[in-house]
Amino acid sequence: MLCAADTVGLVKISIFQKSIHEPLGPSTFKKLTGLKSDFLVLPEYLFADASVKDHASGIEKSKQALDWLLKLSDSYKGIIIGGSVIIEEDGKLYNATPIVSDSKIVDFYRKRNLTQNETKHLTAGTEAGVFILGGFRFGVLICADVLEPKLIDELAEMGVKLVFAVMNSPYREETVEEKKARDEKLFCAPAAKHGLVIAKCCGVGTTFGRKIQGRSLVVTPTGISWRVSLGEEDSELLKTILVQAPSV
């Protein structure tokens, strides 16, 4: 749990709702290097441009994405929550979020609640994604992890008050009310229950040939601090939000 010495301070979070099917290139790099924020959050399957057909074929592109993130960290001085890449360990493939700081990969969080498509190629992680870096204790979840309330409960029990959810949200035909209800259930309710700040970063475009939608948002214990508008759900965008969160 957070100790009595922990203080609440302002945290600047940059969310990059990236067009996934476009490759990581110089223009994107230039857009991000000048940011002055504590955290930069990128979406799930950051590497999966139009040339990547399925999860298993993404290893080489994932290696290139990691090199790109390390180079970005040479210029961007905050902590990078690097979306997700495919990593191989002991002959198994994982969907994992790299935590990058000071030009180093500090650690990975491996997705625990895999989708049906992922289980054909990937192995589920087993450990909670809790990190202490830059004076902050924070947690990481990857997409379908948020569908398991116990995973957010677990982060809260471990003293986490700042959660980053990197997402790849399939496009759905649904009403505005249905979208808001899902945000309320998956993000607002646990944030209020545990006193959390949750920053959700989505991709846009297509992943593995499937259309996705950008529904990035930032939630505090009192409700939604920022959410993309309906007209931005198909758009690449970069947004920096200032919120209050405990520091270690």
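1. Gln213 is buried, with a relative accessible area of 0%. The model is predicted. Gln213 sits in strand S13, which covers residues 210-213. Its side chain has a polar partner: one of its polar atoms lies 3.3 Å from the backbone oxygen of Pro170. Pro170 is also among the residues in contact with Gln213 once neighbours within four places in sequence are set aside. That list further holds Ser169, Tyr171, Arg172, Glu174, Lys179, Arg182, Cys202, Gly203, Val204 and Glu233. For a distance check, take Ser27. Gln213 and Ser27 are 186 residues apart in sequence, and their C-alpha atoms are 22 Å apart in space.

2. Next, Asn168. This residue lies in the loop between strand S9 (162-166) and strand S10 (169-170). Is Asn168 buried or exposed? Asn168 has a relative accessible area of 2%; the cut-off for buried is under 20%, so Asn168 counts as buried. The side chain of Asn168 makes a polar contact of 2.8 Å with the side chain of Thr207. Beyond four places in sequence, Asn168 touches Ile20, Glu44, Tyr45, Cys143, Thr207, Arg210 and Ile212. Two names on that list deserve a second look: Glu44 and Cys143. Both come back in the next point, as residues that Lys111 touches.

3. Lys111 is placed in the loop between strand S6 (104-110) and helix H3 (116-119). Lys111 is buried, at 1% relative accessible area. Which side chain does the side chain of Lys111 meet in a polar contact? The partner is Glu44, at 3.1 Å. Glu44 is also on the list of residues that Lys111 touches, not counting those up to four places away in sequence. The others are Asn95, Glu118, Thr123, Ala124, Gly125, Ile142, Cys143, Ala144 and Asp145. Glu44 thus appears in the contacts of Lys111 and in those of Asn168. Anyone looking at charges here should view Lys111 and Glu44 as a pair joined by that side-chain contact.

4. Backbone angles merit a look at Asp102 and Ser103. Phi of Asp102 is near 55°, a positive value in a residue other than glycine. Phi of Ser103 is near 65°, again positive and again not in a glycine. Asp102 is in the loop between strand S5 (92-101) and S6. Ser103 is in the loop between S5 and S6 as well. How does accessibility look here? Asp102 counts as exposed, at 56% relative accessibility. Ser103 counts as partly exposed, at 31%.

5. Val130 belongs to strand S7, residues 130-133. It is partly exposed, with a relative accessible area of 24%. Its contacts, leaving aside neighbours within four places in sequence, are Arg137, Phe138, Gly139, Leu155, Met158 and Val160. How far apart are the C-alpha atoms of Val130 and Glu173? They are separated by 34 Å, with the two positions 43 residues apart along the chain.

6. Gly231 is in the loop between strand S15 (223-227) and strand S16 (237-247). Gly231 is exposed, with a relative accessible area of 62%. Its C-alpha atom is 23 Å from that of Asp49, a residue 182 positions away along the chain.

7. Now the whole chain. The protein chain has 5 helices and 16 strands. Its radius of gyration is 17 Å, close to the 18 Å that the globule rule gives for 248 residues, so the chain is as compact as a globular protein of that length. The C-alpha trace spans about 50 × 45 × 35 Å along its principal axes. Of the 248 residues, 54% count as buried.

8. Contacts and surface follow. Among contacts with a separation of 6 or more, 67% come from residues 24 or more positions apart. The accessible surface of the protein chain is about 10,900 Å². Carbon and sulfur atoms hold 51% of that surface.

9. Last, charge. The protein chain has 31 positive and 31 negative side chains. The centres of the two sets lie 3 Å apart.

How values were computed: Residues numbered from 1 in each chain as written. Predicted model: local features only at pLDDT ≥ 70, side-chain atom pairs only at ≥ 80, totals over all residues. Heavy atoms only, no water. Helix = DSSP H or I, 4+ residues; strand = E, 2+ residues; numbered from the N terminus. Rg over C-alpha atoms; globule rule 2.2 N^0.38 Å. Buried < 20%, exposed > 50% of the residue type's maximum accessible area, 1.4 Å probe, protein only. Contact = heavy atoms within 4.5 Å. Areas by Shrake-Rupley, 256 points an atom, 1.4 Å probe, with all protein chains shown as cover. Lys, Arg positive; Asp, Glu negative; His and termini not counted. Charge placed at Lys NZ, Arg CZ, Asp CG, Glu CD. Polar contact = N/O pair within 3.5 Å; in protein donor to acceptor, adjacent residues only side chain to side chain.
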